[in-house]
Amino acid sequence: MRVLRFFIALLFTGGLIWALSASHQAGGKSLPRLGQFFNPFTGFWQNAESSHGPELGDCSIPGLKGKVQVVYDDLLVPHIFAENLEDAVRVQGYLTAKFRLFQMDLTARKTAGRLSEILGERTLQIDRRSRRKGLVFAAENDLIGWGKSARTMSLLQAYTDGVNAWIDQMSKDEYPLEFKLLNIQPERWNLLKSALVTEAMAETLCAGEDDLEATNALAKYGRTTFDYLFPEWNPAQQSIIPDTGQWKDWHHITMPPPAPEAAIPTGAIGYDHDYIRPLDEYLVGSNNWAVSATKTSNGHALLANDPHLTLTLPSIWFQIQIHTPEANVYGVSLPGVPGVVIGFNENIAWGMTNVGHDVSDYYKIAWIDQKRMQYKLDHETKNVQLKVETIEVKGQKPFLDTVRYTVWGPLPFDNDPESPLRDYALRWITHDIPDASLFDVFLGLNTANNYGDYRAALKGFDAPAQNFVFATKTGDIAIQVQGKFPVRGKEQGRFLQDGSKWANAWHQFIPMDQTPGMKNPTRGFVFSANQHSTPPTYPYYYLGNFEDDRSRRIFNRLTSVQGATPDSMKSIQLDNFSARAADCLPAMLNLLDRRALSPKENQTVDLLASWNFKYDANQLAPTFYEAWTDSCYMLTWDEMAEMEKQRQPVLYPEIWRWIDLMKNDSSNVFFDVKQTTYRETARDVVLASFKQMHEYFDRNPDKKVSWGKTRPTKIRHLAQIDAFSRLDLETGGHKSAPNAINQTHGPSWRMVVDLGDQITAQGVYPGGQSGNPGSRYYDNMLDRWATGNYFDLLFLKNPESNSDRILKKQIISPK
């Protein structure tokens, strides 16, 4: 009996050891090896920090030339004091890896198309899209361009060595929790991964185009109707740079001829699978402005910036201060990239918004052979270049994907016989070898003292194009639309183009001294909110995705402000007023026949009529208004919706154009609903959509809630782990308001800088400094961000500075 019990115990123990050591599946997903995950010495228990925060003891790392002192404040912001810039960025890499290693790793993996190595087959299509779009190709070209600057490569290598110093000395118990969940080991960092991080931002900010949708709309409705529905300029907007006569003498500019109509397909092009274009896509944008001393209360310039991006945990940005003999700079950095991207030093401040110009075009390839290995370009035969992408897939054999490259660029969709873009190559600005180093740009800004330094620093910035706002202690303010912009013929790039003619290529780029910019305007401010860079009188043609509403509200606020303070700047950043709603709702109410409504429906009208056009979290009116306008918009453009049902992607008119039609052309044929025999006008569509909205809320009374509850902001963990996310934030704001928050996007960093004799600043972002979900510094800034509050940014002069906000001091020595 004793022997039997022994064998039973042995089998049980063996089974338990196997269960804890093996990987298992649940719901089609791999689970970590439970024994390793629950190991009390190296498992997830070790990621739980004490209430005092992480261990921040003195240490040493290889490669330092001297001692570096780091002061941590009560937000866990590291203030690095180094004897030289190379040591500073080496320590920056070390500390960024310490707090954000998984974020860095995942960003580089996604851009490189390597998610499937750790996540398996479910991310294979994501990896294929990244590879086929040429993101690694772009990153490799970045390194070629950056290699022109020995200074850049030296600092990049120092940053990389700092990251690897942390990885090399990290024990298993210090692995980020996500590595333990995925049962993987951290990879060493390299220069290419830093380039991939920058290309991840480029994909977000400068990949936008609607060539196929515009081509289908033109083919369907003809030139006259297309021009009527899709004007490229909203006359109500305020451009970033106004026409003050600065372009009137540019007669020497020779522009390319307009895009040839013959190159545009004559029939709508569709998919053989479902395609639904999202309504009123979120514009990836931002706000920034600078106010001159003449409009402020203390006689010093003010600068504000709030870049709008996808909100994640950990946060996109990492706050840092870097003090060297060259400069003392504070701001936010991008994990994986050295230096400060947005911030201020002891003399100047700067910020950025996205320009939004279209710098990606599709060209149809004229194949010569059925194997699609040769194509025609003018009178020549060209061979494609094949790049075989090997995608490692966890638990499976590697997946091989062949991408064709042409003189225009890669063919992202040539692997899909059903894609309407199968035969189209992508010409994208980020594929180009940059003329200069991106890091020299930011290092130039980090160390700038005046307007001349600012302009000199921007010369090397190609993509993604940004509106750089600037201010100095001496009172200068400026803004520059900076990027590499092709010189286009009229409407070149608006539609799909003929790739058999080199005449359709980008042959030159707008010289920097002719890109739009402005310094010290008499109105007393400069600003941008992703609107058009210039009015149509600017000599160069450009197109893109531009904002129409936030910019008008910000312009009006800045025009009227006198005696501006940091608090009044914050009030603009937090402004929930929508100029779009102020245009649209009165027009709809004017068309609404209240005699056809029930008493209950008229009560809703009264609520809407009394609304102040602010998307405050506690207001009910925005909930009704959004449902009504969405219904009315889609009912108006039922023709476009029908094309999409037929799997033909199509361009929808911009909302400002739709509002204008309701006001000034209410009998337009597009208000007619095709499914009825009656000829509807805007009045009919407004009434029908109002009743649809009301019936929806009558059927779903639980949906009749305040705006903050209708669309709570959900800030998800990068790996989509709900337990590490915040999904319950009842925020105000709207994409058409300066406080441009929706469910997944919003201000990723709010900053206001007062450029007085002693520069002071306030800022906040939705998250925390640590990437560890077990840390109190993981999301400790999030609630203050959600309620519209800021932190004073601790800008230290030296490591001996006294402040009750100092958490810990650390010495990092050469090893």
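## A walk through a predicted structure

In strand 31, S813 is the bridge partner of S60. That pairing is a good place to begin our tour of this model, which is predicted. S60 lies in strand 3 (residues 59–61), and 3 bridges join this strand to strand 31 (residues 806–814). Strands 3 and 31 run parallel. Strand 31 also pairs with strand 4 (residues 68–73), this time through 6 bridges and in an antiparallel way. If you look along strand 4, you will find Y72 standing opposite K808 of strand 31. So what holds such partners together? Strands of a sheet pair through backbone hydrogen bonds, and they can do so either parallel or antiparallel.

Now let us turn to an open sheet. It has 3 strands in the order 19-13-22, and its pairing is mixed. Which strands stand at the edges? They are strand 19 (424–428) and strand 22 (497–498). Each has a single partner strand, so one side of each is left without a neighbour in the sheet. Strand 13 (residues 360–364) is joined to strand 19 by 5 bridges, and these two run antiparallel. To find a particular contact between them, pick out Y363, whose bridge partner in strand 19 is A425.

Another antiparallel pair is made by strand 6 (residues 286–291) and strand 24 (residues 525–528), with 4 bridges between them. Here V291 has F525 of strand 24 as its bridge partner. Strand 24 deserves a second look from both sides. In a regular strand the side chains alternate between the two faces of the sheet. On one side of strand 24 you will see F525 and F527, and on the other V526 and S528. These residues are all buried, so both faces of the strand are covered.

Loops can hold buried residues too. V337 is found in the loop between strand 10 (328–333) and strand 11 (342–345). With 6% relative accessibility, V337 counts as buried, because the limit for that word is under 20%. The C-alpha atoms of V337 and T96 are separated by 9.4 Å, although these residues are 241 apart along the chain.

Next come the aromatic rings. The structure holds 41 aromatic pairs. One of them is formed by Y538 and Y542, in an edge-to-face arrangement with 6.2 Å from centre to centre and 65° between the planes. Why is this pair called edge-to-face? The angle between the planes is 65°, and an angle over 60 degrees counts as edge-to-face. Y538 is buried, with a relative accessible area of 5%, and Y542 also counts as buried, at 13%.

Compare that with W611 and Y625, a tilted pair with 5.3 Å from centre to centre and 45° between the planes. This pair links distant parts of the chain, with the two residues 14 apart. W611 sits in the loop between helix 16 (599–609) and helix 17 (621–636), while Y625 belongs to helix 17. Buried or exposed, what are these two residues? W611 is buried, with a relative accessible area of 5%, and Y625 is buried too, at 2%. Aromatic residues can also gather in a group: Y221, Y633, W637, Y652, W658 and F670 form one aromatic cluster.

What about bonds between cysteines? The structure holds 0 disulfides. C584 shows why one particular bond is missing: its sulfur is 7.3 Å from the closest cysteine sulfur, in C632, and that is too far for a bond. A disulfide would need the two sulfur atoms within 2.5 Å. C632 is likewise in no disulfide. C584 is buried, with a relative accessible area of 1%, and C632 counts as buried at 1% as well.

Finally, let us look for enclosed space inside the model. There are 6 cavities of 30 Å³ or more, and about 470 Å³ of space lies in the largest cavity. Its lining is made by 35 residues, and those nearest the centre are M201, L438, F461, A463 and P464. The elements that give two or more residues to this lining are helix 6 (135–146), helix 9 (191–206), strand 7 (302–310), strand 12 (348–354) and helix 11 (438–446). Which element gives the most? Helix 9 does, with 5 residues. Sorted by character, the residues lining the largest cavity divide into 21 nonpolar, 9 polar and 5 charged.

Terms used
Residues are numbered from 1 along each chain as its sequence is written. This is a predicted model: local features need pLDDT of at least 70, side-chain atom pairs count only at pLDDT 80 or more; totals for chains, interfaces and linings use all residues. Side-chain values use heavy atoms; hydrogens and water are left out. On a 1 Å grid over the protein atoms alone, a cavity is a set of points where a 1.4 Å probe fits but cannot get out, and a pocket is an open set with protein on both sides within 12 Å along at least five of seven lines; lining residues have an atom within 4 Å of a point. Grid points are joined across faces, edges and corners, and a volume is the space filled by probe spheres set on the points. Ala, Val, Leu, Ile, Met, Phe, Trp, Tyr, Cys and Pro count as nonpolar, Asp, Glu, Lys and Arg as charged, and the others, Gly among them, as polar. Buried means under 20% relative accessible area, exposed over 50%, partly exposed in between (1.4 Å probe, protein chains only). Two strands pair if DSSP finds at least two bridges between them. Rings of Phe, Tyr and Trp (its six-membered ring) pair if their centres lie within 6.5 Å; planes under 30 degrees apart count as stacked, over 60 as edge-to-face and the rest as tilted.
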